[in-house]
Amino acid sequence: MSIDVAAYLTGYPQEVTFGAEDAALVFDRYHTVDFVMCNDGIQLDRAKLLAHVRPARKRAKAVRVEVHEAVSTAERVAARYTLTADMTSGNTIATEIYMFGQLSMDGRLQRVDQITRDVSPGRRP
């Protein structure tokens with residue numbers, strides 16, 4: 001079962017950050033229980049990702065995603081996109097992300113490997 005990668009990338013951050021539902025319920029809708037993300041060499045499981053998301057609900061005032069490329073098959077997904085977060089502090093954080101994922105049989109993400117690059121306004125390369 002393939003998924004609409006662009007819809008996931010644009011919808012999930014909105015739901016998990018600003019939705020009325022508990023972050024864990026939103027997370028579980030899109031990811032398997034044994035989900036693992038390896039982000040820039042750092043491995044994060046469900047508990048670590050939820051620990052990261054919960055404070056973001058208070059610190060972010062807007063999140064937007066621009067999907068540059070996305071492909072999917074029955075078992076794999078890949079995308080290149082930019083995630084931009086406007087923070088309550090007034091800062092804007094923009095991250096270019098190259099993501100490669102593995103899907104479970106039910107179409108939820110089971111594993112994601114990604115590399116990132118900070119492209120925030122005013123940031124020097």
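Which residues does Leu109 touch, not counting residues up to four places away in sequence? In this predicted model, Leu109 touches Tyr8, Tyr30, His31, Thr32, Phe35, Val77, Gly101, Gln102 and Leu103 once residues up to four places away in sequence are set aside. Leu109 is also one of the residues with the most contacts inside the largest nonpolar core, a group that further includes Leu9, Phe35, Tyr81 and Met99. This core has 23 residues, and the elements that give two or more residues to it are the helices α1 (5-18), α2 (23-30) and α3 (46-59) together with the strands β1 (31-39), β4 (76-87), β5 (92-103) and β6 (109-118). The largest share of the core, five residues, comes from α1.

Aromatic side chains form a second set of contacts, for which the count comes to four pairs. One of them, between Tyr8 and Tyr12, is stacked, with 5.5 Å from centre to centre and 15° between the planes. The two residues are separated by about one helical turn, because they stand four residues apart in helix α1. Tyr8 is buried, with a relative accessible area of 12%, and Tyr12 likewise counts as buried at 11% relative accessibility. Tyr8 also forms an aromatic pair with Tyr30 that is tilted, at 5.6 Å centre to centre and 55° between the planes. Since Tyr8 lies in helix α1 and Tyr30 in helix α2, this pair ties together parts that are 22 residues apart in sequence. Ring pairs thus link Tyr8, Tyr12 and Tyr30 into a cluster.

Side chains of opposite charge can pair when their charged atoms come close, and the structure holds 10 salt bridges. In one of these, Arg54 pairs with Asp22, the closest N and O atoms being 4.0 Å apart; Arg54 is in helix α3 and Asp22 in the loop between α1 and α2, so that distant parts of the chain, 32 residues apart, are linked. Asp28 forms a salt bridge with Arg46, in which the closest N and O atoms are 2.8 Å apart, and this pair ties helix α2, where Asp28 lies, to helix α3, where Arg46 lies. Both Asp28, at 27% relative accessibility, and Arg46, at 25%, are partly exposed.

A further salt bridge joins Arg117 to Glu96, with the closest N and O atoms 2.8 Å apart. Arg117 lies in strand β6 and Glu96 in strand β5, so the pair ties together parts that are 21 residues apart in sequence. Arg117 is partly exposed, with a relative accessible area of 47%, whereas Glu96 counts as buried at 10%. Through shared partners, salt bridges join Glu69, Arg80, Glu96 and Arg117 into one network.

How values were computed
Residues numbered from 1 in each chain as written. Predicted model: local features only at pLDDT ≥ 70, side-chain atom pairs only at ≥ 80, totals over all residues. Heavy atoms only, no water. Core = buried A, V, L, I, M, F, W, Y, C linked by side-chain atoms within 4.5 Å. Buried < 20%, exposed > 50% of the residue type's maximum accessible area, 1.4 Å probe, protein only. Contact = heavy atoms within 4.5 Å. Phe/Tyr/Trp six-rings, centres within 6.5 Å; stacked < 30°, edge-to-face > 60°. Salt bridge = Lys/Arg side-chain N within 4 Å of Asp/Glu carboxyl O.
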